[in-house]
Amino acid sequence: MSHAILSVLPPTTELVVVALLITVTVAVPLAVWSAVRTTGAGDTLRRVLVILAAGMPTFWLGIMLQNLISSDWRILPISGIGSVGVQVPSVTGFRLVDSLLEGSPIAFGDALAHLILPAFVLSVPFIGQLYRVLRAELLRVLQREHISVIRASGVSGGRILWKHALPQVANPALLIIGVEFGGCSPARSWSSPSSEGTASARSSRTPCRRRTPRPCSGSPRRRRDRRGDLARGRHDPGDPRPPGPRNADRSRSMTKSPLVDTAPAPVVEAMPDPPTASALAFAPRQWWRIPRPRRRRRSGALDAATVVVAGLIVLVAVVGPFVAPNVYQSHVLSSLQSPSAAHWFGTDQQGRDIFWRVVVGARFSLTASIVTVIGYSIVGVVIATLAVMSPRWIGELLTRFIDLGLAFPSLVFALGVAAALGPSLQTACFALIVTGWPTTARLLQGIMKETMAMPFVEGARVLGVSRWRLMTRHVLPNALPALWVKWAGDIGNTVLVLGALSFVGAGAQPPSAEWGAMVSSAQAIVSNAWWAAFFPGIAIVVTTGAFGLLGDMLHLRSDPTLHAKGRR
């Protein structure tokens, strides 16, 4: 067993490393570009594409790209880690490294060609998640006051971005990369809007250790002259900046008269004034435009479309099974028919209409997702409340219990539960409830601790309000609204994870009309009937994207800092 694990470790490591390089190479420049270009239809289009990428089912995307690129176009290899005719001596076990050590570009290109397609499929959802976190953090950092002061002092936009803004968002980005590529589990969605806000709140409380430059106007030559005057002890009367104590002492020593003995006045260093509106307006404009604090137009059309699509999905899940025909009856004579007016999405190998199966499957996927989210949310709220209310040693014990729950990979645990209890949709929901509550508990615990430190809570405690009443009447009602945003996005993510579990055989079983089970059944015939797997996968993508955009919309409308400035 150990030998089998060690034999697949090098190719797995190479796959993760190449996927990580693709993710960083695409997500970081795209997030920076989107953070400095926050207006127009391009920003809205990028948001939609990124949400869809973050909710992309990798099992479905791999099947479709494998059929299109490898089978039809024959551009990349369809499987394996290397061609049969290309032999590389195994030195380190890593085929890319061994080909470089051997000095064989043909072997290196062959190994890379076998890695490109699976690494790209693995990186697509991570590109969307890393992009969302980086963009949200960059927008928050670029709106801070010290960035405005640096901009007013004449520093170029590129220098502000690369030297001052990006280092402050490195920690959340490294957290996302470490958690996602360390676990590689689709059940963990650390890129939810609420988690972004938590990370940004932690970074906003960290004091900036860099010295804030003072605003200076005029040409670069004039600024150099003023620095030289200060170094020589002279101060320009027209310069609004007060001289420092060292320069003031030098100035007094140069103008002191030997006949008049005057006591030196105490020197008080004046703080620089904040940049005025004129200083910000007439600061040098660079080709790399850094967004300035201004009120932006809301994309009401995107919000309206998001609400409409999410409402239609819910309506189809409620009404669809009552108007659909029998989706389990076989019609062998109509098997594998392409999309047409009679069958909008075509038929599968049993002659069943795929359109009506997708409609009926909406109830399975959406109902199971909502039940799962409600289940682990109740468990998470109870444990987080007990961790905050209990004595310190009990709270520490519950916190360690939450950390232990975060270490459980949901997919592996669900496979174990399916092997023990039997594969079914109910088993998959139970497994996700067991592994999904720690994320909610950890987020709610942090919000409740911050709320407990607020003045109105301290005042209620001084007035003698009991701890239980304080928690139920003051702390919990102010902490739960932050979870509404997370729950909206978790519904779509849970649909994705349930589809993945059904695809690998740990969830709904054929002939069920659940979307993941439909993709699994169509895997064998996708080369002859692409529509059998395409449309159930598109249903998963649209549902995940609609609820992800709904969560972002609720986040933007509930966050007072983003709502006041109207940023997207």
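This talk walks through selected features of a predicted model, from its annotated membrane spans to its salt bridges.

Good morning, colleagues. Please keep in mind throughout that the structure above is a prediction.

I begin with the annotation. An unreviewed UniProt entry places the feature "transmembrane region" at residues 15-36, 48-69, 111-134, 301-324, 366-389, 401-419 and 529-550. I shall take two of these spans and ask how they appear in the model. Residues 111-134 are 100% helix and 0% strand, and the C-alpha atoms at the two ends of that span lie 32 Å apart. For residues 401-419 the helix content is 84%, again with 0% strand, and the end C-alpha atoms are 25 Å apart.

Next, the surface. Which residues make up the nonpolar surface patch of about 740 Å²? The patch consists of Val308, Leu312, Val314, Leu315, Val318, Val319, Phe322 and Val323. As one example, Val319 is placed in helix H13, which covers residues 300-323. Val319 counts as partly exposed because its relative accessibility is 36%.

The loop that follows runs between H13 and H14, and Leu336 lies in it. Leu336 is not a glycine, yet its phi is positive, at about 55°. The relative accessible area of Leu336 is 36%, so this residue is partly exposed.

Moving on to helix H14, residues 354-389, we find Ile378. Is Ile378 buried or exposed? It counts as exposed, because its relative accessibility is 51% and the cut-off for exposed is over 50%. Ile378 and Ile433 are 55 residues apart along the chain, while their C-alpha atoms are separated by 9.7 Å.

A second pair spans a longer stretch of sequence: Asp72 and Ser527 are 455 residues apart along the chain. How far apart are the C-alpha atoms of Asp72 and Ser527? The separation is 8.5 Å. Asp72 itself belongs to helix H3, residues 58-72. With a relative accessible area of 48%, Asp72 is partly exposed.

One backbone feature deserves a mention here. Pro510 and Pro511 are joined by a cis peptide bond, with omega about 5°. Pro511 sits in the loop between helix H20 (481-503) and helix H21 (515-521).

I turn now to helix H15, residues 392-406, where I shall spend the most time. Thr399 is found in this helix. Why does Thr399 count as buried? The reason is its relative accessibility of 11%, given that buried means under 20%. The side chain of Thr399 reaches the backbone oxygen of Gly395 at a distance of 2.7 Å. Setting aside neighbours within four places in sequence, Thr399 is in contact with Arg442 and Gln445.

Beside Thr399 in the sequence is Arg400, which brings us to the charged residues. Side chains of opposite charge can pair when their charged atoms come close. How many salt bridges does the model contain? The count comes to six.

Two of these salt bridges involve Arg400. With Glu396, the closest N and O atoms are 3.2 Å apart. Arg400 and Glu396 are four residues apart in helix H15, and therefore about one helical turn separates them. With Asp403, the N to O distance is 3.0 Å. Asp403 and Arg400 also both lie in H15, three residues apart, which is about one turn of the helix.

How accessible are these three residues? Arg400 counts as partly exposed because its relative accessibility is 45%. Glu396 is likewise partly exposed, at 40%. Asp403 falls in the partly exposed class at 28%.

A further salt bridge joins Arg461 and Glu458, with the closest N and O atoms 2.9 Å apart. Both residues lie in helix H18, residues 455-462, three residues apart and thus about one turn of the helix. Arg461 is partly exposed at 32% relative accessibility, and Glu458 is partly exposed with a relative accessible area of 36%.

Returning to H15, salt bridges that share partners join Glu396, Arg400, Asp403 and Arg442 into one network. Arg442 has appeared already, as one of the residues in contact with the buried Thr399.

To close, I would direct your attention to helix H15 in the structure above. There you can locate Thr399, and alongside it the salt bridges of Arg400 with Glu396 and with Asp403. Thank you.

Note on methods: Residues are numbered from 1 along each chain as its sequence is written. This is a predicted model: local features need pLDDT of at least 70, side-chain atom pairs count only at pLDDT 80 or more; totals for chains, interfaces and linings use all residues. Side-chain values use heavy atoms; hydrogens and water are left out. Buried means under 20% relative accessible area, exposed over 50%, partly exposed in between (1.4 Å probe, protein chains only). A polar contact is a pair of N or O atoms within 3.5 Å; within protein, one must be able to donate a hydrogen and the other to accept it, and residues adjacent in sequence count only if both atoms are side-chain atoms. Contact means heavy atoms within 4.5 Å. Patches are made of residues with over 30% relative accessible area and no salt bridge: like charges are joined within 9 Å, nonpolar side chains (Val, Leu, Ile, Met, Phe, Trp, Tyr) within 5 Å. Accessible areas come from the Shrake-Rupley method with a 1.4 Å probe; for residues, only the protein chains shown count as cover. A salt bridge is a side-chain nitrogen of Lys or Arg within 4 Å of a carboxyl oxygen of Asp or Glu. UniProt positions are given in the numbering used here, feature names are shortened, and annotations may be inferred rather than shown by experiment.
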